[in-house]
Amino acid sequence: MKTSIYNLDRVEKLRSSLKIDPHQIKNVYNQYFKKSETLSTISKNNSGNYTLSSFINSLNWQTLELTQAASSEQDGATKLLFKTTDNHYIEAVILRIKTGRTTLCISSQIGCAMNCQFCATGHMGFTRNLTRQEILDQVTIANQYLKPEKRHIRNIVFMGMGEPLNNPGEVYKAIETLTNPKYFNLSIQHICISTVGIIPELNTLMTNFPKIKLAISLHSAREEVRSRIVPISKTYNLKALQTTLLELTKNYETENNYIFLEYLMIDGITDTDADIDALKNWCAPLPIHLNVIKYNPAPEEKKLKPSSNKQIEYFINQLKPHIATITRRYSLGSDITAACGQLASKTKKG
Ligand code: SF4
């Protein structure tokens with residue numbers, strides 16, 4: 001089996017055995033990670049150097065294959081569909097933000113075991129965790145896709161398929177590589193982990209990466225509602241989650257000390273006056289940045305409906321005096337089923 005380009009020890013052994021100048025390797029890595037060149041371009045550029053070509057050919061650069069890219073006609077989103085070597089499909093979404101930033105929403109698992117009721121991925125069930133290489137391939141391939149636009153991914157959000165804290169080993173290795181100057185050299189503050197709140201893992205995450213951006217998928221501050229739409233709340237309830245977050249904000253250095261809360265507006269379920277009161281109480285002791293998002297139903301969804309714009313406006317206005325920061329977040333890519341909660345690969349194995 002070929003050595004992964006992310007296995008620094010084995011890459012170094014290979015370099016040393018071939019007696020290649022470290023600067024040449026650095027140059028090849030820069031072409032791939034910083035200039036987003038494809039492997040075929042890099043091979044062509046170095047074809048005259050037999051030893052370096054041999055080094056390049058001995059490594060495993062990519063395991064995912066980009067099989068489809070669909071761009072939104074209404075905003076700057078592009079959904080990328082990847083095939084794994086064992087014939088599963090996962091998705092990532094490029095978000096071209098109006099300010100000029102380019103963000104990539106990436107997947108950490110094939111499917112998800114959390115079964116959140118509003119989420120298309122949750123309805124797929126869980127197949128397996130992604131490896132570090134599969135997580136990072138989404139970024140390198142997205143960068144190659146964006147190269148003609150002279151864009152480069154600057155922000156990563158773990159908000160695609162899967163619950164990242166159910167795959168901590170590979171996700172943490174991926175974050176280390178994303179911030180490693182030899183590879184992607186991204187700022188840790190530009191990486192966001194979005195989680196339903198796997199409490200035992202939250203402490204480990206913030207100990208390992210105290211400056212990472214943390215987003216909690218809350219979606220309801222009423223226990224009876226949250227346990228229904230985010231079933232993990234039956235195991236890690238709202239009180240325990242609040243206590244954990246309180247401890248985290250005392251001890252860690254989250255961006256501006258804020259915890260980001262993601263809150264989907266679902267008609268008659270999460271947008272009522274009772275929800276406003278519950279949110280006020282639950283958020284009161286916490287430095288919260290609340291992101292209010294209109295629910296985007298997957299095409300096959302029949303039961304849940306999005307709140308009206310009028311109700312969303314009312315909801316935000318009622319909460320404004322009580323929550324440190326509150327914004328309405330607009331999901332990109334709803335016309336290509338790439339918005340929050342819509343990601344799910346319908347492509348079958350084969
Ligand atoms: S919202 Fe996140 S945690 Fe919940 S089912 Fe979907 S992917 Fe899994």
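Two residues are in contact if their C-beta atoms, placed from the backbone, lie within 7 Å. Helices (H or I, at least four residues) and strands (E, at least two) are DSSP runs, numbered from the N terminus. A residue is buried if 20 or more other C-beta atoms lie within 10 Å of its own, exposed if 12 or fewer, and partly exposed in between.

The model is predicted: local features need pLDDT of at least 70, side-chain atom pairs count only at pLDDT 80 or more, and totals for chains, interfaces and linings use all residues. Residues are numbered from 1 along each chain as its sequence is written.

**Exercise 1. Find which residues of helix H8 are buried, and what covers them.**

Step 1. Helix H8 runs over residues 199–208, and its buried residues are Leu202, Leu205 and Met206.
Step 2. Seen down the axis of H8, the directions from the axis to the C-beta atoms of these buried residues fall within an arc of 90°, so they line one face of the helix.
Step 3. Pro200, Thr207 and Asn208, on the other side of H8, are exposed.
Step 4. The cover over the buried residues of H8 includes strand S10 (191–195) and helix H10 (238–251).

**Exercise 2. Compare the reach of helix H7 with its expected span, then list its buried residues.**

Step 1. The expected span of a helix is 1.5 Å times one less than its number of residues.
Step 2. H7 (residues 168–179) has 12 residues and reaches 16 Å from its first C-alpha to its last, close to the expected 16 Å.
Step 3. Buried in H7 are Val171, Ala174, Ile175, Thr177, Leu178 and Thr179.
Step 4. Helix H6 (132–146), strand S9 (155–158) and S10 are among what covers them.

**Exercise 3. Place serine 108: is it buried or exposed, and what does it contact?**

Step 1. Serine 108 sits in the loop between strand S6 (102–105) and strand S7 (109–111).
Step 2. It has 27 other C-beta atoms within 10 Å, and therefore serine 108 is buried.
Step 3. Leaving aside neighbours within four places in sequence, the contacts of serine 108 are Leu130, Ile135, Phe158, Gly162, Pro164, Asn167 and Val171.
Step 4. Glycine 160 is 52 residues from serine 108 in sequence, with 7.2 Å between their C-alpha atoms.

**Exercise 4. Describe the phi angle and surroundings of lysine 19 and of lysine 150.**

Step 1. Most residues other than glycine have a negative phi.
Step 2. Lysine 19 has a positive phi, near 55°, and lies in the loop between helix H1 (8–18) and helix H2 (22–34).
Step 3. Lysine 19 is exposed because it has 7 other C-beta atoms within 10 Å.
Step 4. Lysine 150 has a positive phi of about 55° and is found in the loop between H6 and S9.
Step 5. With 7 C-beta neighbours inside 10 Å, lysine 150 also counts as exposed.

**Exercise 5. State where the two domains lie and how they meet.**

Step 1. The assignment, automatic or from a database, gives domain 1 (3–60) and domain 2 (67–336).
Step 2. Their centres, taken over C-alpha atoms, are 34 Å apart.
Step 3. Six residues from domain 1 and 11 residues from domain 2 take part in the contact.
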